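Biologist: I have just opened this one and would love a friendly tour. Could you walk me through it?

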Amino acid sequence: MQAAIQTRDSVVRNCRICFILASALCFSGLAAADDPPANLTRLIAARETETARAQSNYTYRQTVTLDELNAGGFAEGTYREVRDIVFSPERERSEQIVGKPFLSLTHLKMTDEDFRDIREVHPFLLTKDQAFLYETRFRGEENMDGVDCFVIQIRPRQILDGQRLFDGMLWVSKKDYSVIRSEGQAVPEIHTLKTENLFPHFTTLRQKLEGDFWFPVMTYGDDTLNFRGGAQRVRLTIRYTEYHRFGADSKITFDK
């Protein structure tokens with residue numbers, strides 16, 4: 001995201017920025033547990049690959065809202081877009097913009113990194129072709145929304161130029177190794193003399209769809225961006241709705 005802070009008469013500074021991780025991940029709620037399966041990461045990746053394959057049989061709508069908030073917590077500027085996500089028979093993703101994006105941001109500008117994170121990192125799936133990029137650490141067990149979960153910390157082994165990866169935590173169902181929740185941030189952060197790219201702490205929630213697969217339904221984050229030109233609080237919301245299976249007449253909707 002490119003910052004574009006303005007005075008009354010002129011633009012003082014343009015610098016690229018996304019978000020900053022506002023608070024450290026907290027593990028205090030985790031319960032002590034026996035050792036998990038030795039091949040836990042492999043089991044998660046296998047289930048995530050099945051989930052990705054199942055999701056590629058659905059179209060869905062992705063609604064993105066980014067608000068600039070003032071000191072009182074009220075929105076002063078907004079970016080909003082709606083995209084329909086579709087997949088070809090070869091499971092290649094394509095997007096169709098619904099209507100015209102709404103833009104009234106005054107301090108921030110959306111960048112390529114923002115849109116890549118919206119597509120790839122916020123609805124993160126630890127599939128087999130992604131798993132080798134990450135190292136994992138077992139953090140314990142926790143009941144999350146009535147589901148007994150393993151809690152796994154993952155972080156990139158290394159980050160090559162141009163990559164956008166995930167660094168954070170996964171809540172994994174002990175029953176079938178489905179990821180039901182993720183929490184973390186997109187990496188890497190990029191700092192130069194003229195630009196700063198910082199990324200948010202966010203949470204992505206999933207809900208169960210037919211066939212016991214868990215699909216993303218919401219991503220949310222609320223952070224203060226501390227960049228060189230000054231601090232700016234933002235609120236990000238992404239909703240994934242109207243799941244519609246190819247060849248079916250019905251649409252899948254989720255409870256709030």
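The questions below go from the whole chain to its confidence and then to its largest pocket.

Biologist: How many helices and strands are there in the chain?

Modeller: Happy to start there, and please keep in mind that this is a predicted model. The chain has 256 residues, and 46% of them count as buried. Its secondary structure comes to three helices and 16 strands.

Biologist: In which strand is confidence lowest?

Modeller: The chain averages a pLDDT of 84, and 83% of the residues score at least 70. Residues 5-29, though, stay under 50 in pLDDT. Confidence is highest in strand 10 (residues 165-173), at 98, while the lowest mean, 38, belongs to strand 2 (residues 11-16).

Biologist: Over residues 248-252, how many contacts beyond four places in sequence does the model have?

Modeller: Here pLDDT stays under 50. Where pLDDT is low, the predicted coordinates should not be read in detail. With that caution, the number of such contacts in the model for residues 248-252 is 11.

Biologist: Which element supplies the largest share of the lining of the largest pocket?

Modeller: The largest pocket has a volume of about 720 Å³. Among its 26 lining residues, Ala52, Leu125, Thr127, Asp129 and Gln130 are the closest to the centre. Helix 1 (40-55), helix 2 (112-121), helix 3 (128-131) and strand 10 each give at least two residues to this lining. The largest share, four residues, comes from helix 1.

Biologist: And how many residues of that lining are charged?

Modeller: The lining of the largest pocket is a mixture of residue classes. It includes 12 nonpolar and six polar residues, and the number of charged ones is eight.

Notes
Residues numbered from 1 in each chain as written. Predicted model: local features only at pLDDT ≥ 70, side-chain atom pairs only at ≥ 80, totals over all residues. Heavy atoms only, no water. Buried < 20%, exposed > 50% of the residue type's maximum accessible area, 1.4 Å probe, protein only. pLDDT = per-residue confidence, 0-100. Contact = heavy atoms within 4.5 Å. 1 Å grid on protein atoms, 1.4 Å probe; cavity = no way out; pocket = protein on both sides within 12 Å on 5 of 7 lines; lining within 4 Å. Points joined across faces, edges and corners; volume = space filled by probe spheres on them. Nonpolar A, V, L, I, M, F, W, Y, C, P; charged D, E, K, R; others polar.
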